[in-house]
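Visitor: I'd like to learn how to read a model like this one. Could you walk me through it?

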Amino acid sequence: MLAALGLVAMGLLTVYSATSIPGAHQGLWMKQLLWFGLAFVAAWVVAAIHFRLYDSLSWPLYIVSLVLLVAVLLVGTSRMGARRWLEIGSMQFQPSEIAKIATTFVLARFFDHARIDLKKVRWWLPPLFIALVPFALVAKEPDLGTAMSFPAMLVAMYFWAGMPPGRLLLGLSPLFNVALFFVTGSVWWFAGLFAALLAIVRPRMALLIGIVALNGFVAYEVPHLWDRLHDYQKRRIETFINPEHDPYGAGYQIIQSKIAIGSGGVVGKGYLKGSQKALAFLPMRHTDFIYSVVGEEFGLLGALTAVILYGVVIIRGYRLAALARDGFASLLVVGVVTALFFHIMVNILMTVGWAPVTGVPLPFLSYGGTALIVNCVQIGLLQNVALRRREL
C-alpha cells in the first residue's frame, strides 16, 4: 500500500508538471486528486469485504462487464479513432478496466475447482473461453494493448493453478509462431524450436496431432495476417521496428519520448523544467508518455525510483500469492498482480522504444479516473487477501 501511495504521489506531481503549460489541459491534476480520493475510498471498501463475497459474485460481475463492453461498441464515445468509453451524464469511464477485475474473479473461481486437472486438455478450454470473450470485445474497440492483459492474466493463472510448464508452452506455441515470424520473417526458426519442445514434452498422440495441426494452420495464415491488421496497428509495428522511418508522423512519439528520457541524464533537469514537455514536443505527456516526463525532470534516479516502487508492489504481490492459504485468494492475487505487471512493463518499454505504442496507461501515474480507481481497487484486493492470508 505504501509503495502504491508513493506512486500516486509521484503521478500527481508529474501530471501537474505535464499540464502546467498554458492551454495544455491545465487543472487536470486537481481532477486526478479528486479521482484519487474516490479511489482511496473504493480501495478501503474492497479491502474490508471478505474475498469470499467476490467469489460468490464473480459470474454476475463478469456478465455485467461483458454487457458494458458490448454497450461500448454500440453507443460508446469515440476518441482518436477508438470507441472505448461510456458516458453517464458528464462522467466517462472505460468498461475494459472493470472487465479485467471481473475476469480475474471468474478465472480464480474456476481454477479453484476441487476436481480440476490441467494435465487434461478439456480443462484448458473453459478458462480460455472466459478470457477470450472480453479480449475480443476490447480488441474490437480497438484497444489491443488493454486486450492483451487478458491472455497475460490467463497464462499466469494457468501456471499458478498447476498446468505443467511444458504443456503451457505447447498451448502458447501459436503465439510464439506468430511472434517469431514477424521477427525473423520465416517459419523455420519456430519449426526447429517447436520440434525440440515436442521432443522434451512428449505429448500424447491426440494432443500432438491437435497442436501440430493448429501450428500448421497458423504458419499458413500468418503471412496474410498483416493485411488484416488495422492501419494504426501496422503503423505502430513499423514504427517499433524503425521509428526513424517516419520521424514526423508515426515515429514522432517514440523519438520525442527517447529524447526526453535521454536528456534527463542522471538527476534530471529539475521539477517543472522539462524542455520537451514545456515546448509541447512530447505528445500524450500526461497519459501514455508520463514516464518520459519523469525521466526528463527527475532523471535516471527518478525513473529508477518509480521502477523500484513498482517492483515492491509486484514482488510483494506474488509473495502474497504464495503465502495465501485459500486457493481462490491466491489465484486472485496472481491475476491482479499480473495485470498490473503487464501494464507497467508495456508502458515503460513503449516509452524507451522497446515495445510498440499501444495506448496502455502507466498504473498510478497516468492521468485517468477509471484507470486510477481500478488500480487502487486492485491494491485493495491485495490488502484484502493480506489481511486474511491465513484463512482457508
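Visitor: Let's start with contacts. Among contacts between residues at least 6 apart in sequence, what share join residues at least 24 apart?

Guide: Keep in mind that this is a predicted model. The share is 71% for this chain.

Visitor: And what is the chain built from, in terms of helices and strands?

Guide: You'll find 16 helices and three strands.

Visitor: How does the radius of gyration fit with a compact globule?

Guide: The idea is to set the chain against what a compact globule of its length would give. For 392 residues that would be near 21 Å, and the chain has 22 Å, so the two agree. If you prefer a box, the C-alpha atoms fill one of roughly 65 × 50 × 45 Å along the principal axes.

Visitor: What percentage of the residues are buried?

Guide: Buried residues make up 49% of the 392. As for the outside, the accessible surface is about 18,800 Å², and 70% of that belongs to carbon and sulfur atoms.

Visitor: Now the inside. Which residues touch the most other members of the largest nonpolar core?

Guide: In general, nonpolar side chains in soluble globular proteins tend to be buried together. Here the largest nonpolar core has 88 residues, and Phe 111, Phe 364 and Leu 365 touch the most other members. Helix 15, residues 327-351, gives the most to this core, with 12 residues. Apart from it lies another core of eight residues, including Phe 289 and Met 350.

Visitor: Phe 364 caught my eye. Where is it found?

Guide: In the loop between helix 15 and helix 16 (369-387). Phe 364 counts as buried because its relative accessible area is 3%, and buried means under 20%. Setting aside residues up to four places away in sequence, its contacts include Ala 4, Leu 7, Tyr 310 and Ile 379. Look at its backbone as well: phi is near 75°, a positive value in a residue other than glycine.

Visitor: Where else can I look at a positive phi in a residue other than glycine?

Guide: Try Leu 272, with phi near 70°. Leu 272 sits in the loop between helix 12 (252-263) and helix 13 (275-278). With a relative accessible area of 40%, Leu 272 is partly exposed.

Visitor: One last residue, Ser 96: buried or exposed?

Guide: Buried, with a relative accessible area of 0%. Ser 96 lies in helix 4, residues 95-111. Beyond residues up to four places away in sequence, Ser 96 touches Leu 69, Val 138, Glu 141, Asp 143, Thr 146 and Phe 150.

Conventions. Residues are numbered from 1 along each chain as its sequence is written. This is a predicted model: local features need pLDDT of at least 70, side-chain atom pairs count only at pLDDT 80 or more; totals for chains, interfaces and linings use all residues. Side-chain values use heavy atoms; hydrogens and water are left out. Helices (H or I, at least four residues) and strands (E, at least two) are DSSP runs, numbered from the N terminus. The radius of gyration is taken over C-alpha atoms; the globule rule is 2.2 Å times the number of residues to the power 0.38. Buried means under 20% relative accessible area, exposed over 50%, partly exposed in between (1.4 Å probe, protein chains only). Contact means heavy atoms within 4.5 Å. Accessible areas come from the Shrake-Rupley method with a 1.4 Å probe; for residues, only the protein chains shown count as cover. A nonpolar core is a set of buried Ala, Val, Leu, Ile, Met, Phe, Trp, Tyr and Cys residues joined through side-chain atoms within 4.5 Å.
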